[in-house]
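Got the viewer open? Load the model, pick a cartoon view, and let's walk through it stop by stop.

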Amino acid sequence: MHPPVPGPLGDCLRDWEELQEDFQSIQETHRLYRLKLEELTKLQNGCTSAITRQKKRLQELALVLKKCKPSLQSGAKEAAQELENQIKERQGLFFDMEAYLPKKNGLYLSLVLGNVNVTLLSKQAKFAYKDEYEKFKLYLTIILILISFSCRFLLNSRVTDAAFNFLLVWYYCTLTIRESILINNGSRIKGWWVFHHYVSTFLSGVMLTWPDGLMYQKFRNQFLSFSMYQSFVQFLQYYYQSGCLYRLRALGERHTMDLTVEGFQSWMWRGLTFLLPFLFFGHFWQLFNALTLFSLARDPECKEWQLLSLTEEVLKDKSTRPAGSSKEAQ
């Protein structure tokens with residue numbers, strides 16, 4: 001302790017002593033935190049190993065059941081069927097458990113982020129990330145509507161078109177990364193959902209590299225009009241899907257990390273009857289885009305490789321999505 005010093009210096013010394021006491025408390029809290037973190041890591045590793053071992057044994061058990069089931073009598077077959085159902089239920093429980101355990105990233109995330117642990121440890125953090133993902137899509141959809149409208153009706157420059165296409169490339173790349181992180185955290189995202197975002201990234205990249213010329217100008221207005229319409233439909237779908245998912249979660253029929261509505265219930269007709277005409281019109285417009293690109297690709301003046309590539313990928317993207325889904329089924 002310093003002898004009392006009058007004036008401003010004394011006040012500073014007293015503040016420093018208080019900070020010193022507070023710092024010691026922070027050091028102790030941080031020490032405990034590091035100990036708990038080490039304990040948590042050991043528990044995570046132990047739990048992951050135990051789940052892996054039991055999953056392997058369950059697979060072996062299921063394989064044995066499958067082989068011996070045809071030779072069983074009727075009563076034994078019922079018991080075997082019940083055991084198979086319990087095995088499937090156990091595998092579902094393991095899926096929920098693994099959503100809270102660190103896991104290796106898939107190939108795509110490993111290429112983009114490296115071997116970084118992207119598993120969120122609490123339900124609140126998982127739901128907050130999913131909610132932020134949905135808000136990101138909504139805000140970018142509104143921005144894309146405004147920019148495509150400006151490029152279509154106010155601006156006619158290859159530079160602004162390139163900026164718009166670059167935004168599309170960045171948007172779809174970001175979606176694929178975020179969706180991969182959501183899958184790592186237990187979100188049941190369908191394969192077609194992620195795949196058409198990869199296709200959309202490729203298509204946007206091709207549009208970005210398409211040089212200005214006669215063929216580009218012939219397709220430009222049609223593409224920008226379609227982009228504007230597509231973003232508008234995405235906006236409508238956001239509210240329809242979010243409303244359906246909210247109701248299904250309240251009924252306990254959907255996981256909190258689900259992004260899309262699978263299956264159908266009668267009460268869903270209320271919003272879907274309004275939305276269906278927009279969806280089908282969007283599908284026909286996309287088919288019209290493919291026919292237009294194919295026609296331009298056959299033009300004798302066509303020198304760009306982008307036309308044929310866009311035609312093939314538009315048709316491929318359309319074929320991978322289920323009927324009733326749009327370019328962005330929210």
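Start by selecting residues 74-98, which make up α2: this helix is part of what covers the buried residues of α1. Keep in mind as you click around that you are looking at a predicted model. Which residues of α1 are buried? Show Gly10, Gln44, Ile51, Leu58 and Leu65 as sticks and you have them.

Now colour α1 itself, residues 8-68. From first C-alpha to last, this 61-residue helix reaches 88 Å, close to the 90 Å expected at 1.5 Å a residue.

While you're on α1, pick Arg31 and Glu28. They form a salt bridge, with the closest N and O atoms 2.6 Å apart. The two sit 3 residues apart in the helix, about one turn. An α-helix has 3.6 residues a turn, so residues three or four places apart point the same way. Neither partner needs digging for: Arg31 is partly exposed at a relative accessible area of 40%, and Glu28 is partly exposed at 37%.

**Zooming out**

Switch back to the full cartoon. How many helices and strands are there? You should find 9 helices and 0 strands. The protein has 330 residues, and 37% of them count as buried. If you draw contacts between residues at least 6 apart in sequence, 74% of them join residues at least 24 apart. Add a surface and about 19900 Å² is exposed, with carbon and sulfur atoms supplying 64% of that.

**Around α3**

Leave the surface on and select Leu107, Leu111, Val112, Leu113 and Val116. Together they form a nonpolar surface patch with about 480 Å² of accessible area. Leu113 lies in α3 and is partly exposed, at 35% relative accessibility.

Next, step along to Leu121, in the loop between α3 (107-113) and α4 (123-154). Is Leu121 buried or partly exposed? Its relative accessibility is 47%, so Leu121 counts as partly exposed. Show what Leu121 touches beyond its sequence neighbours, and Leu40, Gln44 and Tyr100 light up. Gln44 should look familiar, as one of the buried residues of α1. Then measure across to Asn185: 64 residues separate Leu121 and Asn185 in sequence, while their C-alpha atoms are 8.8 Å apart.

**Two pairs on α4**

The whole structure has 7 salt bridges, and α4 is a good place to look at two more. Select Lys130 and Glu134, whose side chains meet at 2.8 Å, N to O. They are 4 residues apart in α4, about one turn of the helix, and both are buried.

Then select Asp131 and Lys135. Here the salt bridge has its closest N and O atoms 3.4 Å apart, and this pair too is separated by about one helical turn, being 4 residues apart in α4. Unlike the buried pair of Lys130 and Glu134, Asp131 is partly exposed at 26% relative accessibility, and Lys135 is partly exposed with a relative accessible area of 37%.

**Last stop: the annotated spans**

An unreviewed UniProt entry places the feature "transmembrane region" at residues 136-155, 162-181, 193-211 and 267-288. Give each its own colour. Residues 162-181 are 100% helix, with end C-alpha atoms 29 Å apart. Residues 193-211 are 89% helix and 0% strand, and their end C-alpha atoms lie 30 Å apart.

Methods. Residues numbered from 1 in each chain as written. Predicted model: local features only at pLDDT ≥ 70, side-chain atom pairs only at ≥ 80, totals over all residues. Heavy atoms only, no water. UniProt positions renumbered as here; feature names shortened; annotations may be inferred. Buried < 20%, exposed > 50% of the residue type's maximum accessible area, 1.4 Å probe, protein only. Contact = heavy atoms within 4.5 Å. Expected span 1.5 Å × (residues − 1). Areas by Shrake-Rupley, 256 points an atom, 1.4 Å probe, with all protein chains shown as cover. Patch = residues over 30% accessible without salt bridge, like charges linked within 9 Å, V, L, I, M, F, W, Y side chains within 5 Å. Salt bridge = Lys/Arg side-chain N within 4 Å of Asp/Glu carboxyl O.
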